[in-house]
Amino acid sequence: ARSARNNNNNRNQHSRYVGQFDEKFHKLSFNSQSLNLTHYQKFKEKTLGVIMAETESGRHLHGDVKRLKDTWSTKPEPAKDANDDMSKYDREKHRDIQTTYLNDSLKIATMVMAQCDDFVKAKIREKKDYETMSDSAVWVMQALNELCSGIKGSEHPIEGDVKAMRAILNCKQYNKSLADYHDEFRGAVKTITLRGCRFKLSENSIKAEKALDPKLSDEDAANKAHDRFLAIIFLNNLKEKPTALYAKLKDDYLRSVDSYPANSQEALDRLIAHNHYDGTPRYTGGSRSGGQVALAQSNRIGPSVTHPCHLCGSSEHWAPECPRREERNNTGNTASLG
């Protein structure tokens, strides 16, 4: 009966509250053009802020919405003990918290739905458990997460997991800038994080994390190993392999120093530190020939087909040693004398 009343109340308030909470959500809303994970993450952060500011059970509801896991709606009461007054107090306190939680959950679910346009509301109402669950803030945020992840209501959950995992492996740089590639890769990482799926790593990878920090729990070590695994995928999917960086990582490991990047952001920072941009070595110096000298000094490479002379295109030398350099200088001097 409570669920039916809440559902009716929720539906009646959807139209009445349209536009009323724009300022609370910093004018973030959902429509057919904003159903993506980047927008969802921004909206979720604002929602968590609204929960802490607008609800009495902020701590409990905040944690559940953050993890997209409802732990209080059906949480059982503490065990009854007729000879213990504390157990009676604990049960009464539990009921009070649970009642407040359910009311606040309905309030936030209504506010969130009010930030969605008719197209998004229709998509949410297509969910098979909408009638019984739409008064739950966790359920509404989970529904938005699934819409933004491109998961269809008629699709088996494992299909969505496969798509999310494949998106990571197929996220490659190609002709994108390093910054754009990194943003796209982080978006793919967010997808599997929000879905709660991950790659299964070996025990040795987890032990390597504990070797760096023995205080880590098994779960924390596994999470850190997973982040490091994703960082290596990020490096492997560059359009040109960063050989100088890989050589340093392997040399450090042989010297018992584990310097492999902890996450994709650290991997990006290492690339920049090793003069890589867009998958190719970065040129420095005031002139193109000066840049080739800097390239040789910083990366210890010489002329090649991939790094030819800028003046004549030869793979045998670079601009500072090019025979045409002197010819061009003489031509310039003659022209000035004339």
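Visitor: Before anything else, what does contact mean here?
Guide: Contact means heavy atoms within 4.5 Å. The model is a predicted one.

Visitor: OK. Which residues does Pro-78 contact, neighbours in sequence aside?
Guide: Beyond the residues within four places in sequence, Pro-78 is in contact with Asp-90, Arg-91 and His-94.

Visitor: Where is Pro-78?
Guide: Pro-78 sits in the loop between α3 and α4. Its relative accessible area is 32%, so it is partly exposed. From Pro-78 to Lys-93 the C-alpha to C-alpha distance is 9.9 Å, with their positions 15 residues apart in sequence.

Visitor: And His-94, buried or exposed?
Guide: His-94 counts as buried, at 6% relative accessibility. Its place is in helix α4.

Visitor: What does His-94 touch?
Guide: Not counting residues up to four places away in sequence, His-94 touches Trp-72, Lys-75, Pro-76, Glu-77 and Pro-78.

Visitor: Stay on α4. Where does Ser-105 lie, and what is it in contact with?
Guide: Ser-105 lies in helix α4. Leaving aside neighbours within four places, its contacts are Leu-61, Asp-135, Ser-136 and Ala-137. At 2% relative accessibility, Ser-105 is buried.

Visitor: Ala-114 too: buried or exposed?
Guide: Buried, since Ala-114 has 6% relative accessibility and the limit for buried is under 20%. Ala-114 is also found in helix α4.

Visitor: How far is Ala-114 from Asp-22?
Guide: The two are 9.1 Å apart in space, C-alpha to C-alpha, and 92 residues apart in sequence.

Visitor: Zooming out. How many helices and strands are there?
Guide: The protein has 15 helices and two strands.

Visitor: What share of the residues is buried?
Guide: Of the 338 residues, 38% are buried.

Visitor: And what about the accessible surface?
Guide: The accessible surface comes to about 19,900 Å², and carbon and sulfur atoms account for 49% of it.

Visitor: What share of the contacts is between residues 24 or more positions apart?
Guide: Among contacts with a separation of 6 or more, 62% join residues 24 or more positions apart.

Visitor: Now the interior. How many residues are in the largest nonpolar core?
Guide: That core has 36 residues, and Ile-124 and Leu-144 have the most contacts inside it. The elements giving it two or more residues are α2 (37-54), α3 (58-67), α4 (85-114), α5 and α7.

Visitor: Which element gives the largest share of this core?
Guide: Helix α7 does, with nine residues.

Visitor: Back to Ile-124. What is it in contact with?
Guide: Neighbours within four places aside, Ile-124 is in contact with Met-113, Cys-116, Tyr-130, Trp-139, Ala-143, Leu-144 and Leu-147.

Visitor: Which other core lies apart from that one?
Guide: Another core, of 29 residues, lies apart from it, and its members include Ala-188, Leu-201, Leu-235 and Tyr-246.

Visitor: How do α5 and α7 pack?
Guide: Helix α5 (residues 118-125) and helix α7 (residues 137-148) pack at about 105 degrees, and their axes are 10 Å apart. The range for roughly perpendicular is 65 to 115 degrees, so α5 is roughly perpendicular to α7.

Visitor: Which residues meet there?
Guide: From α5, Val-120, Lys-123 and Ile-124 meet Trp-139, Ala-143, Leu-144 and Leu-147 of α7. By type, the residues of this contact are six nonpolar, no polar and one charged.

Visitor: Switching to the backbone. What is the phi of Tyr-174?
Guide: Tyr-174 has a positive phi of about 50 degrees, and it is not a glycine. Most residues other than glycine have a negative phi.

Visitor: Where does Tyr-174 lie?
Guide: Tyr-174 is in the loop between α8 (157-169) and α9 (178-195). Its relative accessible area is 52%, and exposed means over 50%, so Tyr-174 is exposed.

Visitor: And Ser-256, what is its phi?
Guide: Phi of Ser-256 is near 65 degrees, which is positive, in a residue other than glycine. Ser-256 lies in the loop between α12 (243-254) and α13 (264-273).

Visitor: Is that one buried or exposed?
Guide: Ser-256 counts as exposed, at 71% relative accessibility.

Conventions: Residues are numbered from 1 along each chain as its sequence is written. This is a predicted model: local features need pLDDT of at least 70, side-chain atom pairs count only at pLDDT 80 or more; totals for chains, interfaces and linings use all residues. Side-chain values use heavy atoms; hydrogens and water are left out. Axes are lines fitted to C-alpha atoms, for helices over the stretch in contact, and angles run from 0 to 180 degrees between N-to-C directions. Helices (H or I, at least four residues) and strands (E, at least two) are DSSP runs, numbered from the N terminus. Angles under 35 degrees count as roughly parallel, over 145 as roughly antiparallel, 65 to 115 as roughly perpendicular and the rest as oblique. Ala, Val, Leu, Ile, Met, Phe, Trp, Tyr, Cys and Pro count as nonpolar, Asp, Glu, Lys and Arg as charged, and the others, Gly among them, as polar. Buried means under 20% relative accessible area, exposed over 50%, partly exposed in between (1.4 Å probe, protein chains only). Accessible areas come from the Shrake-Rupley method with a 1.4 Å probe; for residues, only the protein chains shown count as cover. A nonpolar core is a set of buried Ala, Val, Leu, Ile, Met, Phe, Trp, Tyr and Cys residues joined through side-chain atoms within 4.5 Å.
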